[in-house]
Amino acid sequence: MRAFSRVYWVGTMLIIAGILAAAASGRLFAQQANAPAFVIVERLSSTGPESIQEQYGKVSRDIVAKFGGRYLARSQRNILLEGDGTAPCCIAVLSFPSVEAAKNWFDSPENQDAAKIRRSGATFRIISVEGLS
């Protein structure tokens, strides 16, 4: 009887541990699914007049909003706080409700059409960063 009792308790403890692990992983997945995304747009070099980027800025606002995004920052006055080289001339930071929303915005036909304008006057690096929920 004691052996059965021990096996019963060990089995019960393993089941409880499995349930707790599943709950924790489900919670982690839910947190990731609800995590916002931030997109950093960095202008690396200009290849055309500034008016091209101004035109892109007007077109892009509505497209970003369509995918639940908004501009948090846009600046041409950036300061390098650490590292080598100089601060990028122009940076924008966008916020989206999720990584999926940011990816949907970037891949959308509307954004890809607008990107042709952006790319006709400069080169860029665009990075999506998963935020904390």
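Me: What share of the contacts in the protein chain with a separation of 6 or more comes from residues 24 or more positions apart?

Reply: That share is 73%, where a contact means heavy atoms within 4.5 Å. A caveat up front: this is a predicted model, with local features needing pLDDT of at least 70 and side-chain atom pairs counting only at pLDDT 80 or more, while totals for chains, interfaces and linings use all residues. Residues are numbered from 1 along each chain as its sequence is written, and side-chain values use heavy atoms, with hydrogens and water left out.

Me: What makes up the protein chain, in helices and strands?

Reply: Four helices and four strands, in the order α-β-α-β-β-α-α-β from the N terminus on. Those are DSSP runs numbered from the N terminus (H or I over at least four residues for a helix, E over at least two for a strand).

Me: Why does S95 count as buried?

Reply: S95 belongs to strand β3. Buried means under 20% relative accessible area, exposed over 50%, partly exposed in between, using a 1.4 Å probe on protein chains only. At 12%, S95 falls under the 20% limit, so S95 is buried. Not counting neighbours within four places in sequence, S95 is in contact with A37, F38, G68, G69, R70 and L72. Over the whole chain, buried residues make up 24% of the 133 residues.

Me: And V93, why is V93 called partly exposed?

Reply: V93 sits in strand β3 too, but its relative accessibility is 23%, in between the two cut-offs, so V93 is partly exposed. Beyond its neighbours within four places, V93 contacts V39, R70, Y71, L72 and A73. The C-alpha atoms of V93 and R74 are 6.5 Å apart, with their positions 19 residues apart along the chain.

Me: Why does D62 count as exposed?

Reply: D62 lies in helix α2, and its 61% is over the 50% mark, so D62 is exposed. From its C-alpha to that of N111, 49 residues apart along the chain, is 9.9 Å.

Me: Which residues of α2 are buried, then?

Reply: I52, Q53, Y56, G57, S60, I63 and V64. Their cover includes β1, β2 (70–75), β3, α3, α4 (109–119) and β4 (122–130).

Me: How do you know that the span of α2 is close to the expected one?

Reply: Helix α2 has 17 residues and reaches 25 Å from first C-alpha to last, against an expected 24 Å. The expected span is 1.5 Å times one less than the number of residues.

Me: Where is the kink in α2 centred?

Reply: On S60, with a kink of about 30 degrees. That bend is the angle between axes fitted to the seven residues ending at a residue and the seven starting there. Just after α2, G68 takes a positive phi of about 80 degrees.

Me: Why is E110 called partly exposed?

Reply: E110 is in helix α4, and its 29% lies in between the cut-offs, so E110 is partly exposed. Leaving out neighbours within four places, E110 contacts I63, K66 and F67.

Me: What makes up the largest nonpolar core?

Reply: It has 13 residues, of which V39, V41, V64, L94, F96, A102 and W105 touch the most other members. Elements giving two or more residues to this core are β1 (37–46), α2 (50–66), β3 (90–96) and α3 (99–107). A nonpolar core is a set of buried Ala, Val, Leu, Ile, Met, Phe, Trp, Tyr and Cys residues joined through side-chain atoms within 4.5 Å. Among the residues F96 touches, beyond four places in sequence, are V39, V64, A102 and W105.

Me: What lines the largest pocket?

Reply: There are 21 lining residues, with R43, Q53, R74, C90 and A92 nearest the centre. The elements giving two or more of them are β1, α2, β2, β3 and β4, and the largest share, seven residues, comes from α2. On a 1 Å grid over the protein atoms alone, a pocket is an open set of points where a 1.4 Å probe fits, with protein on both sides within 12 Å along at least five of seven lines, and lining residues have an atom within 4 Å of a point.

Me: Why does I79 count as exposed?

Reply: I79 is in the loop between β2 and β3, and its 71% is over 50%, so I79 is exposed.
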